[in-house]
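Visitor: I'd like a close look at one part of this model, the charged pairs, and then a walk outward from there. Could you take me through it slowly?

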Amino acid sequence: MDIYEALANKSIRNGILRSLRNLSPQVEKNLQEHPYLLEYAEELKKAKVEVLENLDFWIDKASKILQAKGVEVFYARDASEARNIAEKIVGANKIVVKAKSMVSEEIHLREHLEKMGNEVLETDLGELIVQLANDKPMHSVIPALHYSEEQVAEILKKIGVNGKNAEELAKGVRIFMRKKFLNADVGISGCNALSAETGRIFLIENEGNIRLSTTLPKRYIALVGIEKILPNDELALKSVLVQAAFFGTFPPTYINVNEKVDGQEMYAIFIDNGRKVTEFREQLLCIRCGRCQLECPVFQNLGNVWGGSAYGGPMGVVWTAITEKRSEICFLSTLCGKCREVCPMKINIPEMMRKIRRLLKKSFRG
Amino acid sequence: MIDPSLIVDLLSKNVLETGNPLGVSNEKINNWWKETKIKSRGEWLFFTGMLYQLTPYIESLVSYLEKFENSKIQSILKFARYFRFLAFPTLKLVTPKRSVEESNEILKNIYSLLDSSVEVFYIPELDTYNGILLYDYGDDESFATHAKFVVKKLKEANIKKIVTADPHTTYALKVLYPKFTDADFEVRSYLELINPKKVSKNGEFVIHDPCYYGRYLEISDLVREKLKKTGINYKDVRYSKKLTNCCGGPIEALTPKISKAVAELRAKELGNSKILTMCPICLANLRRVNVDAIDISLVLCNESGRAE
């Protein structure tokens, strides 16, 4: 789908506006009822800035604590390396249950593992719908927001799930997934925050699928974008609380705190993929709440189609410049500044959009 | 999307060669003051930055670009860089006269509102395009060159205080020029300086805050204070002030279709009341989706069209 097809696709616009109507007042309510969340956000930003200024130190510290706990740790310089590492851990002809993770989208891990002969299943309902439809997540937190109930019913028939309404369909998917969870060889998740103090991985969710994906299989792989490292548990917890509040669901239904447990092999793959050496370091403060996407008037019309192969919208344009070195899409921004206004980290996305343009300008004929 | 390199290169060349994004001398588009009793001395120099004067022509251009965008004939546009000299005469022919007249009327009203509030003066030769599009497109080098040219002229004329007509010019002169040049002018939007009187306007208006006033310069509350003094019946929508939503105008030259879709969303949020705008780009882009919009300066004045 290109940007003009997206523009003509009313379901994208309607889905985004519906989510915005539901979530935006919730964000306001969360911040009014829990004003300390704004202090958490400020504290978090300060800590993240400090970590990013000395990233090698924190990667080393986090790696050592994970290794001390029995986790096998890898460092992937780019997407290809990350896929190869995961491939070696997973092997072939396995059942893999995967939690929704934007960093896995970024490295296109699911498709790669499938090519290796594995059965890979997204366990988040929205992400599963996107997988079955062979589509791209339309929002970083709400991947299937552009599908109607009828369309979802049609898509889910591919896995033998039938139902007359959302409740029946969800129940059918739960039954289908339970079998997969119980038989899974490998579980994969992303990481919302990693504590360098304890090596604990913090993950939030509302469906409960992440805890099943990461605890039931004998082998667990955590994909960790290197910007997710925080100095301690307290900051990691605050990070996921701020993420949930600015998305609009606070408190989140589940907060998972994962670490190596007896009887399970655990692997952590640190993913660089353009992060460590980037001209857009400020974007690494992003906690992926997805609020800038919903609030952006261009994203409201185009969804994640305005973006690279994984990330879209205001934050996605900059993430795409970091991870894919693709940048001409920055010219679709109006630079209206709404993204910066609503961002919990107050990331100056418009200025980075301009910076991308500035770099591109050098390639114009002049 | 129209090839950004084409738009950026044309813009840079035109501004650097003529001081104007359309590649013409300012005299050809800057005529509002000819029917106004302007003062040549005073405390505050009125500086329009040419945005109100340019907008009617830009809108005509955008209506043509929209026909090319994402069509089989879009590639023809790459030849536009070789026919720059034809652009303005053609644009002038196809630009509605009433749009030009309205822009002139808006500037006359702003000057009149200022004239009844502060010691304002206007020197047409000093009024120049603000250069903001160069900045927006990331051409900082050309923006700096142009800004230095503008600042030099103003400094040579011993200008200290500048009052502007639109949010883009205000932001350029107040925030960007000091970063890119040695400018140290005191800069205010006209909406900050005027003392409007009671006016008799029927109906309810809804305010569309431009992004630069709402978020970048944060003068939305002040605008409402001024409106209260006039007795105008206005209302706010959920997305106003710092959370205002864009009209889509800033991307109209690169992607008129998406720009229009953004305007449609904003128009829906604003509802059915008459929309008050404070920026020529917002006014023009919202009107592309057939809404009833009016520049705030036309409302702040009495029926005679002039401030008392």
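Visitor: Which residue forms a salt bridge with E43(B), and how many Å apart are the closest N and O atoms?

Guide: Keep in mind as we go that this is a predicted model. The partner you're after is K161(B), and the closest N and O atoms of the pair sit 2.5 Å apart. This bridge links distant parts of chain B: E43(B) is in the loop between helix 1 (4-18) and strand 1 (44-47), while K161(B) is in strand 3 (residues 161-164), 118 residues apart. How covered up are the two ends? E43(B) has a relative accessible area of 38%, so it counts as partly exposed. K161(B) comes out at 22%, and that also makes it partly exposed, since the cut-off for buried is under 20%.

Now hop over to chain A for some other charged pairs. Salt bridges with shared partners join K98(A), E105(A), R110(A), E122(A) and E127(A) into one network. Put E122(A) in the middle of your view and look at two of its bridges. One goes to K98(A), with the closest N and O atoms 2.9 Å apart. That pair connects strand 2 (residues 95-98), where K98(A) lies, with strand 3 (residues 119-122), where E122(A) lies, across 24 residues of chain A. The other bridge runs from E122(A) to R110(A), at 2.7 Å between the closest N and O atoms. Because R110(A) belongs to helix 7 (residues 109-115) and E122(A) to strand 3 of chain A, this bridge ties together parts that are 12 residues apart in sequence.

Check the accessibility here too. E122(A) has a relative accessible area of 0%, so it is buried. K98(A), at 1%, counts as buried, and R110(A) does as well at 8%. Back out to the whole model and the tally is 48 salt bridges over all chains.

Some of the charged pairs cross from one chain to the other. The rule finds six salt bridges across the interface of chain A and chain B. One to pull up is E341(A) with K242(B), whose side chains meet at 3.7 Å, N to O. The interface also has 14 residue pairs in polar contact. On the chain A side, helix 1 (3-8), helix 2 (10-33), helix 14 (297-302), helix 16 (338-342) and helix 17 (349-361) each supply at least two of the residues that touch chain B. Sort the residues on that side by type and you get 16 nonpolar, seven polar and 13 charged.

What about the extent of the interface? Counting residues, 36 of chain A are in contact with 39 of chain B. The area buried between the two chains is about 3,200 Å², and carbon and sulfur atoms give 58% of it. If you want a few residues to click on, try Y4(A), F331(A) and R354(A): they supply 20% of the area that chain A buries against chain B, more than any other three residues.

From the charged pairs, turn to the greasy side of things. The largest nonpolar core has 198 residues, and W306(A), F46(B) and L114(B) touch the most other members. Helix 12 (residues 233-247) of chain A gives this core its largest share, nine residues. Center on L114(B) and, leaving aside residues up to four places away in sequence, you'll find it touching F46(B), V120(B), V163(B), Y190(B), L193(B) and I194(B).

Last stop, a few backbone oddities. Most residues other than glycine have a negative phi, and most peptide bonds are trans. Against that background, F250(A) and P251(A) are joined by a cis peptide bond, with omega at about -10°. P251(A) is in the loop between helix 12 and strand 9 (254-258) of chain A. K346(A) isn't a glycine, yet its phi is positive, about 50°. You'll find K346(A) in the loop between helix 16 and helix 17 of chain A, and at 42% relative accessibility it counts as partly exposed. In chain B, N158(B) has a positive phi of about 60° and is not a glycine either. N158(B) is in the loop between helix 6 (140-156) and strand 3 of chain B. Its relative accessibility is 54%, so N158(B) counts as exposed.

Technical notes. Residues numbered from 1 in each chain as written. Chains lettered and ligands numbered in written order. Predicted model: local features only at pLDDT ≥ 70, side-chain atom pairs only at ≥ 80, totals over all residues. Heavy atoms only, no water. Salt bridge = Lys/Arg side-chain N within 4 Å of Asp/Glu carboxyl O. Helix = DSSP H or I, 4+ residues; strand = E, 2+ residues; numbered from the N terminus. Buried < 20%, exposed > 50% of the residue type's maximum accessible area, 1.4 Å probe, protein only. Contact = heavy atoms within 4.5 Å. Buried area = accessible area lost by both parts, 1.4 Å probe. Polar contact = N/O pair within 3.5 Å; in protein donor to acceptor, adjacent residues only side chain to side chain. Nonpolar A, V, L, I, M, F, W, Y, C, P; charged D, E, K, R; others polar. Core = buried A, V, L, I, M, F, W, Y, C linked by side-chain atoms within 4.5 Å.
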